[in-house]
Amino acid sequence: MKFKLSLRVLLFGLGLLAVVGITGMNVYSLYALHESTISTSVDNQKNQITEFTFQTRNRFRSSLRGMRALDTAELQRLVAEGKEVPDSLLAIIKRVDEDPLFADIHFLGRDVDPCQAENSMLVYNSGSARMEVTKTYPEAVCDGINLARTRMKALIGEYQWNNRLIHDTERSMTVALINLEDHSIAGYLNILVNEDYLINEYLAPGLTNFGDTGESGMTLWLHDWTVNEVLATNDEKVEYSIKKVEQIQRFPDMLENWNIKIAFHENPIIAASRNSLLRNLIILGVAVLLLLGSLVFIYTTAQREQHLARRQAGFLANVTHELKTPLAVMQAAGENLADGRVTSPERLSSYGKHIFNESVRLRKMIEKLLDVAKNEAGHTILKLAPNRVDDLVKEYLRENESWIHEKGFKVSYTQDRELPLVMLDTDSFFTIISNLVENAIKYSKDDKYLGIEVRKNDKYVSVHVHDRGVGIPKSARKYVFDKFYRVENEFTSNTKGHGLGLSIVKNLVELNGGNVTLKSHEGTGSVFTVNFPVIVKSEFSSPSGNNLKEAARAEYVS
Ligand code: ADP
């Protein structure tokens, strides 16, 4: 038995461990999946922004197609001779001029300090579609070419291509044209940038193309960090704050003063993943609860079955003993009487009393066992009839008061006035009340008090049986109506009983349409209450016209 119990506890523990383990693993994988969805999605978003900055760079270069094919040596020579720039370069300049991204185009023919009065520059005149000499040098042009010169000084020795593009922030870009024959500068083509177009016609629409915060899952700000100014955004509703920024994306080799600041939010993919995570967790939770519930259920039912089996075995031993004892007494008394050895009238009467008392005990026990057996088999016969509970209680007390008093009990009876009728089988009622009263008496020590109250409310007529006995411990209260259950304490084990009385009470009360409840305080007493439903008018007149008398005769087999 002990081995089985430890095995069960072990298996139960292992089962719990397995459930917890599997759940943990599942929750972990679900979270990992969600996290990876988030990081993939965020990586995608970052990649898209990087791609956008490269597209922007290409946008600047798109009008400069054909630079590589330019004969820079020839260009150098022509310009040195004071001739016009070659047509191939003019064609490129013309295309650049038509690009709304750009404004004025200047050309400086030598590697000299620009913007000096003696160093004349050429400027493109879109009217004549020619390069013309100018002595007006916009500051941005001078700065742009100077920047390119500085850069090229470091690069030119090693440089392998005939041109190099150098951006001066958002103001201009300069193409250094290199004569690869002697690694000298053939000239600088400076192109001023139309900042208004760049921001409002190119970058701003580019950002809004990603969709607003809700659609794209991110807020983007084109930000000039030198003056802390937002130049464009994909969502005007979200105010810029450096605290919100999670990622900064620069433009490659250009627009140094600007960058794209990004705040990530939950995008539809992440939201869907979160919802699915939540759904999965709920399903998992419910499944785990069901699993745990059934595990606990199986475990406790097995425990209960085992207890019941143990109680049943104890009961059988007990009952055999209980049946044998009165029989032995009766046998001995009968033997003595039969022998004719007992002649005195007092002894004859004493033997007679013994036989009578023991046979009453025996009958009661057999009746109890029969009650249980009938109940189990569903053979309890009820003769339901309208009854007044107070009449039945009074009848019971009339018949039993003497032995109750003999036991030293003070009986207190109270009742409400004008009690309604209840539909009741009187035999059941007497069994119920006698079990409750006998228990009240059995389980009382010195304070021998028996209180019976009959009360009414809208629904029930209730009989309360009070005692001031040992009471029932809280942990035992839900089991006392179980078959064969007896509270495990010294007082109960010294009191005769089989744990059947209350189970019979419960069954009979329920068969009569009522219910039974218990209030108890350990050490101060208990109150058992049986509630019988009040007859409603329709029960008196069934559709077939049955009247009160017919109802009284009705017999039910449960
Ligand atoms: P038993 O034959 O043991 O009295 P019952 O089914 O009538 O069987 O009662 C079940 C158990 O409930 C009892 O063994 C006893 O421990 C407890 N019990 C029942 N009635 C009372 C009571 N009035 N006061 C205290 N304990 C009680």
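**View 1. Helices H10 and H13 pack at an angle of about 145 degrees.** In this predicted model, the axes of the two helices lie 9 Å apart, and the crossing of H10 and H13 is left-handed. H10 brings Ser-428, Thr-431, Ile-432, Asn-435, Leu-436 and Asn-439 to the contact, while H13 supplies Gly-501, Leu-502, Ile-504, Val-505, Leu-508 and Val-509. Sorted by class, the residues of this contact are seven nonpolar and five polar, with no charged residue.

**View 2. Here we turn to the polar atoms that lie close to atoms of the ligand.** On the side-chain side, a polar atom of Asp-467 sits 2.9 Å from a ligand nitrogen. Two backbones take part as well: a polar backbone atom of His-498 is 2.9 Å from a ligand oxygen, and a backbone N or O atom of Gly-501 is 3.2 Å from an oxygen atom of the ligand. Taken on its own, the ligand has 530 Å² of accessible area, and the protein covers 98% of that.

**View 3. The shell around the ligand holds 21 residues, shown here with the elements that contribute to it.** Coming nearest to the ligand are Asn-439, Tyr-443, Arg-486, His-498 and Leu-502. Two or more residues each come from helix H10 (426-442), helix H13 (501-511) and strand E17 (525-533). H10 gives the largest share, with three residues.

**View 4. The shell around the ligand can also be read by residue class.** Ten of its residues are nonpolar, eight are polar and three are charged. For a look back at View 1, find Asn-439 of H10 and Leu-502 of H13: both belong to the helix contact, and both are among the residues that come nearest to the ligand.

Methods. Residues numbered from 1 in each chain as written. Predicted model: local features only at pLDDT ≥ 70, side-chain atom pairs only at ≥ 80, totals over all residues. Heavy atoms only, no water. Near = heavy atom within 4 Å. Polar contact = N/O pair within 3.5 Å; in protein donor to acceptor, adjacent residues only side chain to side chain. Areas by Shrake-Rupley, 256 points an atom, 1.4 Å probe, with all protein chains shown as cover. Helix = DSSP H or I, 4+ residues; strand = E, 2+ residues; numbered from the N terminus. Nonpolar A, V, L, I, M, F, W, Y, C, P; charged D, E, K, R; others polar. Axes fitted to C-alpha atoms, helices over the stretch in contact; angles between N-to-C directions. Left-handed = near helix turned anticlockwise from the far one by under 90°. Contact = heavy atoms within 4.5 Å.
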